[in-house]
Amino acid sequence: FSLQMQSRFDGNMGFPGGLMDKGPQETPVEALNRELVEEINLDLSRFACQQEDILLTHVNHSKKLVTYFYAKEVNLVEFSEIEKAVLDSEEWGTETFGVLRVPLFTMSDGYRGFPVFLANKFAGNARIQLLKAITAKNILSEDEVNTAYRKYLELQQKTEDIYRFDD
Ligand SMILES: O=c1[nH]cnc2c1ncn2[C@H]1C[C@H](O)[C@@H](COP(=O)(O)OP(=O)(O)O)O1
């Protein structure tokens, strides 16, 4: 399995997507498909997201923001094509600064790989969305995800200890 995320203009990890346009009324899935073209140059004739691809809805009351998270499954050949098309996207270098494959394994030290990846900064609730996609698509079991998540929390704690030491 491979799972694609992107390195955003603001330094965070995230998924392609964005806010719905205020002008002409768009549905969430129409807004998503528009953003997918702008940010990753997705070929909608083959890979457009459908309403049934929705995995998660999240309401952020303080930001007055509702996020809809969709996940689309493709085969590995299609996955590579999608990755390559990104370089020709309209927003390459302005919104989209890179595409990446999430390391979906944990190395023998118990940290490197997925737990270290989780320690990145993520936009909005993208970290939770990533965990949801991994279990919903049966890429890893809930136990494997929980173990990696606990390691990530330990790693955060260690990083904070180092900062405290430096102070
Ligand atoms: O991947 C994401 N998962 C959850 N929330 C996200 C993600 N990426 C961005 N966001 C949040 C951050 C902002 O509050 C909004 C809008 O994001 P942005 O990319 O700036 O939107 P536009 O492309 O400018 O419309 O969503």
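I started with the fold: the protein has six helices and five strands, taken as DSSP runs (helices H or I, at least four residues; strands E, at least two) numbered from the N terminus. From that end I read the order of elements as β-β-α-α-β-β-α-β-α-α-α.

Ground rules for myself: this is a predicted model, where local features need pLDDT of at least 70, side-chain atom pairs count only at pLDDT 80 or more, and totals for chains, interfaces and linings use all residues. Residues are numbered from 1 along each chain as its sequence is written, and side-chain values use heavy atoms, with hydrogens and water left out.

Next, overall dimensions. I got a radius of gyration of 17 Å over C-alpha atoms (globule rule: 2.2 Å times the number of residues to the power 0.38). A compact globule of 167 residues would come near 15 Å, so the value agrees. The C-alpha box along the principal axes is roughly 50 × 40 × 30 Å.

Then I went to the largest pocket (an open set of 1 Å grid points where a 1.4 Å probe fits, with protein on both sides within 12 Å along at least five of seven lines). I noted about 1,700 Å³ of space there, counted as the space filled by probe spheres set on the points.

Its lining (residues with an atom within 4 Å of a point) runs to 49 residues, with Phe 15, Pro 16, Gly 17, Leu 32 and Phe 69 nearest the centre. H1 gives the largest share of this lining, seven residues. Among the other elements supplying at least two are strand E3 (54-60) and helix H5 (126-136).
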